[in-house]
Amino acid sequence: MIYGFLRRGVFTLLILLAAGSVCPAGEPTELIRKATDRVIAILNDPSLKGPDKTEEKVRKIREAVDKRFAWEEISKRTLARYWKERTPAERAEFIKLFGKLLERTYLDKVKEGYSGEKVLYVDEKVEGRYGRVRVMIVTKQNTEIPVEYRMLKKGDNWLIYDISIEGVSLVNNYRKQFSHILSRSSYSELLERLRAKVEGTETID
Amino acid sequence: MKKFDLELAVGLFIIMGILCLGYLSIKLGKMEILGNRGYELEAVFADSGGLKVGSSVMIAGVEVGRVKEIALDDYQAKVVLNIREGLKIQEDAIASIKTKGLIGEKYVEITPGGAEETIQPGGRIRDTQSAVDFEELISNYVFGKL
């Protein structure tokens, strides 16, 4: 009796697993794919080539990427327990500044152009309002870079709240840096440093 | 009469010695006799990098628990952590596997989040970061990384 029950349970599970592996391209993957294709199209756009068009290109990429990112969630997660201490105005300012910092950090690397990296969609997992999409970026030299998009369902939309590249989480990286700064000095000092990075000519590595 | 006292003293001394030995082995072996206090959380890592049962769980370098169990689940490492009683872990906390020093032992570090909700006992730390593989990093460096 119990055995039969168990067997049926395992069988259903197997079917579910099989169904999951047959069609991994669910909604989150589709959304990531769309955003990625859009960015590649912008990078490949011949009318946006040349150094004088860089600004426009960056703006367009930012627009395409913005729709996919839960900026508030990302900022909240990076500030972690310091987020609660901030007023709504401070939060809004932080979200903007942090977005700018990421733009500077990552778009600087991207805007030189697209050099034929392939994006393979590995798999997707959805659990309640959380989802994750795993992607493999293959460079021209055949180096594989695993990237994981961690997503949150907001209404009907899936938004990214963290990106893990080569197993290193973006949120965790900044969370540690920020909490380090905040535990030694003040919030205004952190803002000061963020502003310096965003506006300064120094590049961030 | 006198002989009896001597034997009693020796017996007591030996019992005391055995008790001390027992205490030491429990302390040094980091065992717990009366069940584990605290509660359990689960975290799934793509690579546990040789984490062991009994490894520490730390927040800001302070030990807040231990690894209770490591199992393979869907070709990933499912790690059960025993967290100190009364310590709340937020829903958006991140668990990562770290190495003490360059080649030291592995431990789990939790970076606390800022969410209002906390993870209930038996729940899961959703966001994890696997052990950094130095070999992989070096090979990326040698063969060129983009």
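A residue counts as buried here if 20 or more other C-beta atoms lie within 10 Å of its own, with C-beta atoms placed from the backbone. Keep that cut-off in mind for the views below, which all come from a predicted model.

**View 1. Helix α6 of chain A and its buried residues.** By the cut-off above, the buried residues of α6(A) are L170(A), V171(A), N172(A), R175(A) and F178(A). The helix covers residues 170-184 of chain A, 15 residues in total. From first C-alpha to last, α6(A) reaches 22 Å, close to the 21 Å expected at 1.5 Å a residue. When you look at the spacing of the buried positions, it helps to recall that an α-helix has 3.6 residues a turn, so residues three or four places apart point the same way. For the wider setting, 20% of the 205 residues of chain A count as buried.

**View 2. The open sheet of chain A.** Chain A has seven helices and five strands, and along the sequence they run α-α-α-α-α-β-β-β-β-β-α-α. The five strands make an open, antiparallel sheet in the order β1-β2-β3-β4-β5. Strands β1 (118-127) and β5 (168-169) of chain A sit at the edges with a single partner strand each, so one side of each has no neighbour in the sheet. If you like contact statistics: among contacts in chain A between residues at least 6 apart in sequence, 51% join residues at least 24 apart.

**View 3. Two hairpins that share β4 of chain A.** Strand β3 (residues 144-154) pairs with β4(A) in the antiparallel sense over eight bridges, and K154(A) stands opposite N157(A). Two residues lie between these strands, and G155(A) in this hairpin takes a positive phi near 65°. Next along, β4 (residues 157-165) of chain A pairs with β5(A), also in the antiparallel sense, over two bridges. Here I165(A) faces V168(A) across the pair. This hairpin, too, has two residues between its strands, and E166(A) in the turn has a positive phi of about 50°.

**View 4. The mixed sheet of chain B.** Eight strands line up as β7-β1-β4-β3-β2-β6-β5-β8 in an open sheet with mixed pairing. At the edges are β7 (124-125) and β8 (127-129) of chain B; each has a single partner strand, so one side of each is left without a neighbour in the sheet. Strand β1 (residues 39-45) of chain B pairs with β7(B) in the parallel sense over two bridges. Zoom in there and you find A43(B) opposite I125(B).

**View 5. Nonpolar cores, with V108(B) in the middle of the frame.** The largest nonpolar core has 33 residues, and V79(B), L81(B) and V108(B) have the most contacts inside it. Leaving out residues up to four places away in sequence, V108(B) touches L51(B), S55(B), V57(B), V67(B), V79(B), L81(B), A95(B) and I97(B). A second, separate core has five residues, among them L79(A), A80(A), F94(A) and L190(A).

**View 6. Where chain B touches chain A.** The contact takes 18 residues from chain B and 21 from chain A. On the chain B side, the elements giving two or more residues are β5 (94-99) and β8. By class, that side has six nonpolar, eight polar and four charged residues.

**View 7. The two domains of chain B.** Domain 1 takes in residues 1-31, and domain 2 takes in 39-140. Their centres, taken over C-alpha atoms, are separated by 40 Å.

Notes: Residues are numbered from 1 along each chain as its sequence is written. Chains are lettered from A and ligands numbered from 1 in the order in which they are written. This is a predicted model: local features need pLDDT of at least 70, side-chain atom pairs count only at pLDDT 80 or more; totals for chains, interfaces and linings use all residues. Two strands pair if DSSP finds at least two bridges between them. Helices (H or I, at least four residues) and strands (E, at least two) are DSSP runs, numbered from the N terminus. Domain bounds come from an automatic or database domain assignment. Two residues are in contact if their C-beta atoms, placed from the backbone, lie within 7 Å. Ala, Val, Leu, Ile, Met, Phe, Trp, Tyr, Cys and Pro count as nonpolar, Asp, Glu, Lys and Arg as charged, and the others, Gly among them, as polar. A nonpolar core is a set of buried Ala, Val, Leu, Ile, Met, Phe, Trp, Tyr and Cys residues joined through C-beta atoms within 7 Å. A residue is buried if 20 or more other C-beta atoms lie within 10 Å of its own, exposed if 12 or fewer, and partly exposed in between; C-beta atoms are placed from the backbone. The expected span of a helix is 1.5 Å times one less than its number of residues.
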